[in-house]
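The following report describes the fold of a single chain, beginning with its strands. Please read it alongside the coordinates.

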Amino acid sequence: GTLTIADLVTLGDAVVARLDSRAPADLQPHAGDRSSPGMAELQATLLRRVRPRGKCALTYALTLMRPRVRSAMESRARLMFAMAGFPEPEVNAPVVDHAGEWLGEGDLVWRQERVVGAYQGRHHADITRRASDARRLELFRDHGWHVREIFAGDVYDGPKRRLLLVRFAHMLQVDPNTLLID
């Protein structure tokens, strides 16, 4: 079958992460970066192709790829927000208290609004990992951050996705009527 834009972005994010892992420490992307050595290499590769099949789709997908993504579902969750018209979150970004002290890392972070989206995949189901995640998210909440967990059903199931997007719109103080919530 044909790959969707979401498929291309998910694959591209994984390629960028792999390429970035090979870059020197001083060139590693920081939270909020939209470019990185891996992004530049992927762009250059696409530009070198004279007539790649699906060039329009690849070019568009490249604009949606981001460094620092650690899983396919993080990509898909981030894209869900992007396609709906939300402000772009930082990916795997530090979450800090009011004094700037590090509390942990959030999967999707809207810093100005102090909102964190925490994707909870299968590897988070282990009881030890679940307990660690719960403590980290409570710490965020204790320091004034709004936190919402995101599960696979929230991305793939229409009614769950719509409910989640409306809840995030309220947390981010965005009028849901201005968004493309399908």
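Strand β3 (residues 115–119) pairs with β4 in the parallel sense over five bridges, where two strands count as paired if DSSP finds at least two bridges between them. Within this pair, V116 stands opposite V147 in β4. Strands here are DSSP runs of E with at least two residues, and helices are runs of H or I with at least four residues, both numbered from the N terminus.

This is a predicted model, in which local features need pLDDT of at least 70 and side-chain atom pairs count only at pLDDT 80 or more, while totals for chains, interfaces and linings use all residues. Residues are numbered from 1 along each chain as its sequence is written, and side-chain values use heavy atoms, with hydrogens and water left out.

Strands β3 and β4 belong to an open sheet of four strands, ordered β1-β2-β3-β4 with mixed pairing. β1 and β4 (146–150) form the edges with a single partner strand each, so one side of each has no neighbour in the sheet. From one strand to the next, the twist averages 45°.

The antiparallel part of the sheet includes β1 and strand β2 (residues 102–110), which pair over six bridges. Here E90 stands opposite V109 in β2. The hairpin of β1 and β2 has five residues between the strands, and G100 takes a positive phi near 90° there. Strand β1 (residues 90–96) is largely enclosed by the rest of the structure, because five of its seven residues are buried; buried means under 20% relative accessible area, exposed over 50%, and partly exposed in between (1.4 Å probe, protein chains only).

Two helices are described against the sheet. Helix α4 (residues 72–84) lies across β1, β2, β3 and β4 and runs at about 55° to β2. α7 packs on the sheet and touches β2, β3 and β4, its direction making about 165° with that of β4. Contact means heavy atoms within 4.5 Å; axes are lines fitted to C-alpha atoms, for helices over the stretch in contact, and angles run from 0 to 180 degrees between N-to-C directions.

Positive phi values also occur in two residues other than glycine, as tabulated below.

| Residue | Phi | Location |
|---|---|---|
| R68 | near 75° | loop between α3 (55–64) and α4 |
| R114 | near 60° | loop between β2 and β3 |

R114 counts as buried, at 18% relative accessibility. By contrast, Q173 is exposed, with a relative accessible area of 75%. Q173 is placed in the segment after α7 (158–171). Q173 and E113 are 60 residues apart in sequence, and their C-alpha atoms are 8.2 Å apart in space.

For the chain as a whole, the secondary structure comes to seven helices and four strands, running α-α-α-α-β-β-β-α-β-α-α from the N terminus. The radius of gyration is 17 Å, close to the 16 Å that the globule rule gives for 182 residues, so the chain is as compact as a globular protein of that length. This radius is taken over C-alpha atoms, and the rule is 2.2 Å times the number of residues to the power 0.38. Of the 182 residues, 42% count as buried.

Confidence is expressed as pLDDT, the predictor's value for each residue from 0 to 100. The chain has a mean pLDDT of 91, and 96% of its residues reach 70 or more. Confidence is lowest in helix α5 (residues 127–142), at a mean of 86, and highest in α7, at 97.
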